[in-house]
Every structure is written in structure tokens, then in C-alpha cells.
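User: Please take a close look at the charged side chains in one part of this model. I would like the salt bridges and any clustering of like charge described together.

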Amino acid sequence: MSGTSNVGGRGVYEAGDQRNVKDSEKNEAERYKEGQPNSHKANDSKDERSIANKLAREEKRQNESERISKEARDSQVDPTLPAKNHGNEPSKGAKIDAEIQQEEEEMLRKKGIK
């Protein structure tokens, strides 16, 4: 039945668009960014790393210090500072946090702790 089609000639369908790549060409091809750093997620349940590899990674992570950005450190000192640094008005929550922080510091000063 396919020989009686009036859609087009045989050359249209037999161009070999879906050819398989030869094995010799596969081995020579450059792999796309193989072995990217941080390609394994620590909590990925489908990750096939061995238990020994996971334990070694956790041991390495315990020795690393936590890295906190400058902006995160600034926000711990003054909650409104990140918004002010970016030229924005601080949010209502940041303003409330700043007030609470100020009240707590006053209470600690009265008690003589700080």
C-alpha cells in the first residue's frame, strides 16, 4: 500500500535522516561537560553513590566552615540594612524585626547582661 502513495517520491523518505552513529564515531565524540562540580545532590534519593562515598562527603563537609555572605551577616546586625543598601524602603516585617531587636537590646542593658 505504501508504494501507491501520491504524497512524494521515494527519495523523500529514504534520505537516511535517522541513521545510527557508528561506534567509532561515538568514542571520538567530545562528551558534553562530563563530571560537573556539584552535580550530585546530597539528599537525592536516586543518587547511586555508595555509602562509603556518602560518608566521605559528609566527613569532608564537617571540616568545612559555613560560608555566610556579607549581606546575610549585615541582615543579622540590622534587618533593614539589605533593603537600604539596595536603595529600597525596608519591608514592614524588617521594620518590625528592627524594633523587636532594639527592644530586646534595651531589656538586656537594663538587666546588665549586655
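Analyst: Glu99 is found in helix H6 of this predicted model. With a relative accessibility of 46%, Glu99 counts as partly exposed. On the surface, Glu99 gathers with Glu103, Glu104 and Glu106 in a patch of negative charge. Patch members must have over 30% relative accessible area and no salt bridge, so Glu105, partly exposed at 27% and in a salt bridge with Arg109, does not qualify on either count.

The pairing of Glu105 with Arg109 has its closest N and O atoms 3.8 Å apart; the cut-off for a salt bridge is 4 Å. Both residues lie in helix H6, which covers residues 92-111. Because Glu105 and Arg109 are 4 residues apart there, about one helical turn separates them.

A search of the whole structure finds 2 salt bridges. Besides the pair just described, Lys95 forms a salt bridge with Glu89. Here the closest N and O atoms are 2.7 Å apart. The two partners fall into separate accessibility classes: Lys95 is partly exposed, at 34% relative accessibility, while Glu89 is exposed, with a relative accessible area of 62%. The dividing value is 50%, over which a residue counts as exposed.

To put the acidic residues side by side: Glu89 is paired with Lys95, Glu105 is paired with Arg109, and Glu99, Glu103, Glu104 and Glu106 make up the negative patch.

Conventions
Residues are numbered from 1 along each chain as its sequence is written. This is a predicted model: local features need pLDDT of at least 70, side-chain atom pairs count only at pLDDT 80 or more; totals for chains, interfaces and linings use all residues. Side-chain values use heavy atoms; hydrogens and water are left out. A salt bridge is a side-chain nitrogen of Lys or Arg within 4 Å of a carboxyl oxygen of Asp or Glu. Buried means under 20% relative accessible area, exposed over 50%, partly exposed in between (1.4 Å probe, protein chains only). Helices (H or I, at least four residues) and strands (E, at least two) are DSSP runs, numbered from the N terminus. Patches are made of residues with over 30% relative accessible area and no salt bridge: like charges are joined within 9 Å, nonpolar side chains (Val, Leu, Ile, Met, Phe, Trp, Tyr) within 5 Å. Accessible areas come from the Shrake-Rupley method with a 1.4 Å probe; for residues, only the protein chains shown count as cover. Lys and Arg count as positive and Asp and Glu as negative; His and the chain ends are not counted. The place of a charge is taken as NZ of Lys, CZ of Arg, CG of Asp or CD of Glu.
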